[in-house]
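I opened the model today with a short list of things to look up. My notes follow in the order I took them.

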Amino acid sequence: MNTHPTIALGAARVGFRGRIHAIDAERGGAGLPAAELERRLIELGFVEGAAVELLHQGLFGGDPIAVRIAHTTIGLRRREAMAILVSAEI
Amino acid sequence: MSDVSPALPSPVIALVGNPNCGKTALFNALTGSRQKVANYPGVTVEKKVGPLVTPAGRTVRIVDLPGTYSLRARSPDEEITRDVVLGHAQKDVTPDLIVCVGDASNLRLALRLALELKQVGRPVMLSLNMMDIARRRGIEIDADRLSRELGVPVVSSVAVRRSGTDALLAEIDRQISKQQAAGTSEWRAPDAGALRGAQREADRILAAVVRGPGNPDSLTSRVDKILLHPVAGLIILLAILFVMFQAVFAWAEPGMDAIEAGFQWLGGLVEHLPLPDLVKSFLKDGLIGGVGSVIVFLPQIVILFFFILVLEDLGYMARAAFLMDRIMGGAGLHGRAFIPLLSSFACAIPGIMSTRVIDDRRDRLTTILVAPLMTCSARIPVYTLIIGAFIPAREVWGFVGLQGLVMFGLYTLGIVGALTVSFVIKRLIWQGKPGEPFMLELPDYKMPQARSLAIGLWTRAMIFLKRAGTIILSMMVLIWVLASFPQPPEGATDPAIDYSFAAMIGSAIQPLTAPLGFNWQINVALIPGMAAREVAVGSLGTIYAISGGEEAADQIGQALSSQWSLATALAFLAWYVFAPQCASTLAVIRRETGGWKWMWVTFFYMLALAYVAALVTYQVSRALGAG
Ligand SMILES: Nc1nc2c(ncn2[C@@H]2O[C@H](COP(=O)(O)OP(=O)(O)OP(=O)(O)O)[C@@H](O)[C@H]2O)c(=O)[nH]1
Ligand SMILES: [Mg+2]
């Protein structure tokens, strides 16, 4: 059913809408150990199947990004958002 | 009654929930306290205990806790919550009942936390707070079903409305009367798999019990299109800060004039009392001249806090942190450092405390070290006095007050100083290890409530007046004594104050501060000014009142502008931007970093910065002809 390829949320553009396909914390940069990053993302509600939308981005390098997940809006950096794999919704 | 039952310790009820779900608002409503409530995550960083007598007449103790997404405790504030919930903190706050508080308009993460709290083995209930917002948005929650699914009692609450806590109170009574014993805790720090499973379960329950529009708060979305716009958002942020500092000057005038007139009238009264001259001088120069010269700045403090409180209640602070994240990151600061630093505009002490929300120790330490460089409200009297005396009240570019502009410049200097210092710390001490992630919930906007705004302003005004009446007052007494004794010898020709201890002390340090252009009067003001910054203003008021005699006494500003050069005034301002002139801030740094080391580091680096800044300012201004 999933005709669209998965991309990392950290590489998506403003206006992107989609669903979370997987969390791959190894791709989330060197700030935190992967296992810890994964737990933090899940604690903020980033789990497989949840709907996400990229709402805003900052001026410098498009960073950080504001992401709506369900009814919550979370600000985070693109580096960590690389760990969130999403597929676009039509 | 003869039957004296042994005083059982009153039951403890802990409020636990996600950040910003309204725990402190509930705590205040239940206990009548006035703890800080604001619309951003991470406001509460300490545990607070307050008494409550329930409708059934039971006395219980409510514990307010820092918000958290889980019990795993990733930062110092979350550790406090974890320890209380698990019963690892002091015995007297071990909860007999856990009230899990959830934002009814956004329950997803709260339900996962509720599932985690159930594992602790203590009685749990859920309060669906902010029910007013949920209703307004057309969200319907089947509370009975939710209660069955979760296996805990569920009530609704509206913390900010009268009788909004009735259902919660009734349920608390019911739960407490059951006297359930705590079971054993099955809680273990969950791994990713367990968290995932719990969130799935929460999502399943959510889908079963919540009906309503799937779309988010439309007002917030529309406002954010502008306020979080990459370019416009930054410009608006700067404009807000700019207007804030202009307003501090422009709006305060009438209030300050009135307070000043009041103190002059008091001074006049004292003049006519049948008292010895020395007592009159103590009342007029020491108390009225000293303390009065500080209290005059109350309107400015109130205006500054008005802006900060409105921004906090609206929900703008988290947005500002979002906009500033990259800029702060470039300077080696954590994105979450923004809110502590912005709170430091009010006072560095709550600012330093709120760094507890920063998980990484180094990032937290960096923020603590630079927080005192942000221009706190205690600097306002010093800045205003000097600016008022030396900077003409002109308009530039047709609409901007020059005095407000200089004020803005001083604030900017503090910010640039803080960013530079943190950059150096990151490079030299931590050697550029990659930073912790920035993840911050951006709450929906809320309309500030007049009542809570008024309470907030009143609280801040009282804190300021209390400082004026205690620490500043006692320093003023000290200064007056130093400036009045010993009395001049018979037939002395110089002003009496030249023979006083104050003059001796001030002259003794003169060689150190002469390169900065400071005179002995300034030197004397600096030392008690270490206790609190405003003391410097009061001290100068007292010293010039005593030495000036009749006419100079009323207006310190006039005395200063006739006796200081512009270069000295500017150097004095530069000193105050950087100098560690606040004992309580240093004490908090010691407490929060757990030792003397970082306190002394802060003290000496700030002192060195202040000296260099004042030196450069003075010498350059003199070279430019302002000597
Ligand atoms: N409309 C409405 N607003 C509420 C209610 N409860 C709290 N608020 C507002 O929600 C915001 C957050 O409230 P707080 O009490 O500071 O939240 P908290 O849970 O203590 O937050 P942290 O201390 O950061 O964890 C504030 O702006 C409150 O005025 C409510 O029942 N209805
Ligand atoms: Mg709170």
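Is Ser105(B) buried or exposed? I looked up its relative accessible area and got 6%. The cut-off for buried is under 20%, so Ser105(B) is buried. I note that the model is a predicted one.

Next I placed Ser105(B) in the chain. It sits in a loop of chain B, after strand 4 (97-103) and before helix 3 (108-118). I then looked for side-chain partners. The side chain of Ser105(B) makes a polar contact of 2.7 Å with that of Asp103(B). I also listed its contacts, leaving out neighbours within four places in sequence. From chain B, I wrote down Ile133(B), Ala134(B), Arg137(B) and Ile139(B). From chain A, I wrote down His71(A).

**Cysteines**

How many disulfides does the whole structure hold? My search over all chains found zero. I checked two cysteines to see why.

I started with Cys21(B). The closest cysteine sulfur to its own is in Cys100(B), 7.6 Å away. A disulfide needs the sulfur atoms within 2.5 Å, so this pair is too far apart for a bond. Cys21(B) is buried, at 2% relative accessibility.

I went on to Cys582(B). Here the closest cysteine sulfur belongs to Cys347(B), at 6.5 Å. That is again too far for a bond. Cys582(B) has a relative accessible area of 10%, so I logged it as buried.

**Helix pairs**

I turned to helix packing in chain B. For two packed helices, I note the angle between the axes and the distance between them.

My first pair was helix 16 (residues 361-370) and helix 27 (residues 597-623) of chain B. Their axes come within 10 Å and cross at roughly 40°. The two helices are therefore oblique to each other. I recorded the crossing as right-handed. Which residues meet here? Helix 16 of chain B brings Arg361(B), Leu365(B), Leu369(B) and Val370(B). Helix 27 of chain B brings Trp598(B), Thr602(B) and Tyr605(B).

My second pair was helix 9 (residues 232-250) and helix 13 (residues 316-330) of chain B. They pack at an angle of about 115°, and their axes are 10 Å apart. That makes the two helices roughly perpendicular. I logged this crossing as left-handed. On the helix 9 side of chain B, the contact is made by Gly233(B), Leu234(B), Ile236(B), Leu237(B) and Ile240(B). On the helix 13 side of chain B, I found Tyr316(B), Ala320(B), Leu323(B), Met324(B) and Ile327(B).

Methods:
Residues numbered from 1 in each chain as written. Chains lettered and ligands numbered in written order. Predicted model: local features only at pLDDT ≥ 70, side-chain atom pairs only at ≥ 80, totals over all residues. Heavy atoms only, no water. Helix = DSSP H or I, 4+ residues; strand = E, 2+ residues; numbered from the N terminus. Buried < 20%, exposed > 50% of the residue type's maximum accessible area, 1.4 Å probe, protein only. Polar contact = N/O pair within 3.5 Å; in protein donor to acceptor, adjacent residues only side chain to side chain. Contact = heavy atoms within 4.5 Å. Axes fitted to C-alpha atoms, helices over the stretch in contact; angles between N-to-C directions. Parallel < 35°, antiparallel > 145°, perpendicular 65-115°, else oblique. Left-handed = near helix turned anticlockwise from the far one by under 90°.
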